[in-house]
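Open the model in your viewer and keep the selection box ready. This tour goes from stop to stop.

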Amino acid sequence: MEDLRVKVVAEAPEMEAVAAGDEPVSPTGQYFNSSALHVSILAIFESDERLDDSQAMATVEKLFLPVKDEKGIQHWKKVKVNLEDHIKTPIFPSGFDFYDKFIEEYLTKLAKDRLPTSQPLWELHLLKYPTRSTAGTAVFKLHHALGDGFSLMGALFSCLKRADDPSLPLTFPVGRQNPTPVKTGTLMQCCRSAVRAVEIGLNTVTDFAWGLMKSTLIEDDRTPVRSGEAGAEFRPLIISKVVFSLEDARKVKDKLGGTINDVISGVIFYGIQLYMRAVNGDVACNSRVGMGKVTALLLLNTRNVNGYQSLHEMKKPGAKSPWGNQFGFIHVSVPSCKDAEKVDPLTFVLKGRQIIRAKKKSLGVYLTGRVLELMRKHRGSEVAAEFMYRTLMNTSATISNLTGPMEQMMMANNPISNFYFMVVGVPQNLTITLVSYMGKLTLVMGTERDFIDSNLLISSMKRSFQRIFEAAMGNI
């Protein structure tokens with residue numbers, strides 16, 4: 001098999017020296033596979049039926065997959081790959097009805113172990129054991145240097161089919177369309193444009209300056225979700241999830257306005273406050289080690305496209321949305337309160353929406369990306385990676401989301417009942433991801449074992465969603 005890719009090293013120090021037919025690795029891809037950062041993505045697919053692995057080889061052989069060496073300029077090159085080295089089928093002890101604890105431990109180990117750099121940076125783990133919610137689990141471990149969630153999931157979706165009719169393509173929710181602007185006079189249009197330009201300018205200056213300070217000088221307080229201790233990326237991580245109804249989230253959105261992302265952001269922010277309140281009891285919210293300042297890094301896709309593209313489309317010359325890592329991040333201060341049990345939960349949705357809307361009316365994310373690129377060009381990718389590492393270290397959590405298809409998927413012969421993902425190898429105690437699929441919203445949390453109580457955090461998120469829903473429906 002030859003149509004796979006390996007990340008290797010060019011002999012010459014300039015991009016022009018890369019061999020004909022090879023492709024340069026994106027700058028962000030280089031950051032994620034450096035001495036400072038070694039970040040991977042676990043994409044987890046659950047099936048209601050026992051896994052059939054007879055077509056596992058055929059499913060993954062079309063994926064875009066790399067390897068890394070340590071010196072020089074990184075680029076991609078075709079190599080031969082033995083797929084059997086990358087597909088793992090672990091054996092657990094027999095005699096158990098359910099294997100929830102075994103699979104939890106397996107995912108914890110998988111999140112902690114680094115992918116070997118001597119071979120393509122991906123693995124497929126087939127866990128053919130039942131849990132209380134699924135009959136089998138397939139886990140792709142993919143190095144973030146390969147691409148961002150948009151690229152990787154686009155490639156995986158290219159390998160999956162609709163369960164109801166494999167001849168039809170998977171379909172995805174359509175993003176909210178911008179309203180048609182009301183026609184006004186030329187003077188009014190000029191005034192609105194001027195006000196918007198000033199607003200964007202002010203937001204950009206504020207966000208860019210604040211982002212630089214958070215990445216270099218200012219760190220979050222020590223709280224129940226941030227220990228402030230180095231080395232979190234090397235400590236065991238527990239992956240847990242809670243599933244919400246997409247229709248219930250839509251009802252809250254219809255009552256309050258905004259988007260479903262606004263609603264879920266409010267749920268996360270309020271859930272964090274409920275968790276910290278539960279851990280601290282009656283400790284004052286302004287305590288340095290209690291209910292302190294919490295900042296989340298919100299990851300944004302910077303592609304100017306709607307919907308996923310196939311692997312073939314992303315690899316075309318001049319593609320509108322080429323393969324790779326194309327995302328930015330914004331710092332979002334999580335709204336706080338003196339007593340999360342007594343506050344109106346809807347304030348977290350409204351405050352969160354206000355904060356994120358202001359951040360989106362800013363060019364700070366692009367300026368930050370420009371700073372990273374200048375660092376890479378003038379001081380090397382390792383220095384830029386160190387900057388990203390400090391950015392993660394100084395904040396409390398990372399939040400990212402993906403949109404899944406509306407129909408049930410089939411992976412080879414396996415119907416997928418749910419899927420989600422988790423970013424691992426990040427120097428934070430808490431990582432949060434969100435996926436929509438088949439009318440469900442799956443909120444996933446990667447929490448450091450022995451520091452964050454994952455069960456309490458899950459229950460806090462459930463209470464947050466329930467209280468926000470009841471308040472929006474007028475039941476509180």
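Select E247. This residue is partly exposed, with a relative accessible area of 40%. Three accessibility classes are used on this tour: buried means under 20% relative accessible area, exposed means over 50%, and partly exposed lies in between (1.4 Å probe, protein chains only). The model is predicted, so local features need pLDDT of at least 70, side-chain atom pairs count only at pLDDT 80 or more, and totals for chains, interfaces and linings use all residues. Residues are numbered from 1 along each chain as its sequence is written, and side-chain values use heavy atoms, with hydrogens and water left out.

Add R250 to the selection. E247 forms a salt bridge with R250, and their closest N and O atoms are 3.2 Å apart. A salt bridge here is a side-chain nitrogen of Lys or Arg within 4 Å of a carboxyl oxygen of Asp or Glu. R250 is partly exposed, at 31% relative accessibility. Both residues sit in helix α6 (residues 246-256), three residues apart, which puts about one helical turn between them. Helices (H or I, at least four residues) and strands (E, at least two) are DSSP runs, numbered from the N terminus. An α-helix has 3.6 residues a turn, so residues three or four places apart point the same way.

Next, select K253 and D254. Their side chains meet in a salt bridge, 3.5 Å from N to O. K253 is partly exposed at 22% relative accessibility, whereas D254 is exposed at 55%.

Now go to helix α3 (residues 100-112). K101 and E104 both lie there, three residues apart, about one turn of the helix. The two form a salt bridge, with the closest N and O atoms 3.2 Å apart. K101 is exposed at 52% relative accessibility. E104 is partly exposed at 25%.

Select R162, D164 and E407 together. Salt bridges link these residues in a network. How many salt bridges are there by this rule? The count comes to 14.

Switch to the aromatic rings. Rings of Phe, Tyr and Trp (its six-membered ring) pair if their centres lie within 6.5 Å; planes under 30 degrees apart count as stacked, over 60 as edge-to-face and the rest as tilted. By this rule there are 15 aromatic pairs. Show F45 and F140: this aromatic pair is edge-to-face, 6.0 Å centre to centre with 80° between the planes. The pair links distant parts of the chain, with F45 in strand β3 (residues 40-47) and F140 in strand β7 (residues 136-143), 95 residues apart. F45 is buried at 0% relative accessibility, and F140 is buried at 1%.

Then show F419 and Y437. Their ring centres are 5.4 Å apart and their planes stand at 75°, so the pair is edge-to-face. This pair also links distant parts of the chain: F419 is in strand β14 (residues 414-424) and Y437 in strand β15 (residues 430-437), 18 residues apart. F419 is buried at 1% relative accessibility. Y437 is buried at 1%. Extend the selection to F45, F140, F157, F172, F419 and Y437: ring pairs link these residues into a cluster.

Last stop: helix α10 (residues 364-379). Its 16 residues should span 22 Å, taking 1.5 Å times one less than the number of residues. The end C-alpha atoms of α10 are 22 Å apart, which agrees. Buried residues in α10 include G364, V365, T368 and L372. Finish on G380, just after α10, with a positive phi of about 100°.
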